[in-house]
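Ready for some practice in reading a protein structure? Take a look at the model below, then work through the exercises one at a time.

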Amino acid sequence: MDNVSLICFNFDKFINNNFFLTGQAHSAYKGKYMGGYAAGLFGAGIQSKSIFNNKMKTNFELLIGAGGGGSLALEEGAIVQSMFGITYNINDYIGILISAGKISALKSDLNNTAFNLGMALNFSTLNRIMM
């Protein structure tokens, strides 16, 4: 089995405290099939309430998108991905996340396990209070 290592950028927009929309861009940087592989996905997810002194949350997300390149068995490029993860918040702005799941091509035999280790940067927007 050959592994492909990806660098990924995920952007999540929380609709409320537990439900979020996500957009993700993936690009290969290491592996036998890295030659030009890239993917774009979008989807939705749910996040648990905080546990362990408001430091840890679990989440699940389901995404659909397109990928191609790198001689991977993607046929027409349509892919789906499901991930379950845990985020540990170091402080209000920075967290560490780890997740695992599956990525599959809709029209070919690609069906692989995916692992993710990353850093979460929490942003917020300023809200103007009208008086």
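Here are four exercises, each with a worked solution.

The model is predicted, so local features need pLDDT of at least 70 and side-chain atom pairs count only at pLDDT 80 or more, while totals for chains, interfaces and linings use all residues. Residues are numbered from 1 along each chain as its sequence is written, and side-chain values use heavy atoms, with hydrogens and water left out.

**Exercise 1.** Find how many helices and strands the chain has, and how the strands are ordered in the sheet.

Step 1: Use the DSSP runs, numbered from the N terminus: helices are H or I with at least four residues, strands are E with at least two. The chain has zero helices and seven strands.

Step 2: Look for pairing, which requires at least two DSSP bridges between two strands. The seven strands form an open sheet in the order 1-2-3-4-5-6-7, with antiparallel pairing.

Step 3: Check the edges. Strand 1 (4-14) and strand 7 (111-121) each have a single partner strand, so one side of each is left without a neighbour in the sheet.

**Exercise 2.** Work out how strand 1 pairs with strand 2.

Step 1: Locate strand 2 at residues 19-31.

Step 2: Follow the bridges: the two strands pair in the antiparallel sense over 11 bridges. For Asn10, the bridge partner in strand 2 is Gln24.

Step 3: Recall the general idea: strands of a sheet pair through backbone hydrogen bonds, either parallel or antiparallel.

**Exercise 3.** Identify the largest nonpolar core and the contacts of Leu74.

Step 1: Collect buried Ala, Val, Leu, Ile, Met, Phe, Trp, Tyr and Cys residues joined through side-chain atoms within 4.5 Å. Buried means under 20% relative accessible area, exposed over 50%, and partly exposed in between, with a 1.4 Å probe and protein chains only.

Step 2: The largest such core has 10 residues, including Ala28, Leu41, Leu63 and Leu74. Strand 3 (38-47) and strand 6 (94-105) each supply at least two residues of this core.

Step 3: List contacts, meaning heavy atoms within 4.5 Å. Not counting residues up to four places away in sequence, Leu74 touches several residues, among them Tyr37, Ile79 and Leu110.

**Exercise 4.** Is Lys102 buried, partly exposed or exposed?

Step 1: Place Lys102 in strand 6.

Step 2: Lys102 has 37% relative accessibility, so Lys102 counts as partly exposed.

Step 3: Compare sequence and space: Lys102 and Ser82 are 20 residues apart in sequence and 5.5 Å apart in space, C-alpha to C-alpha.
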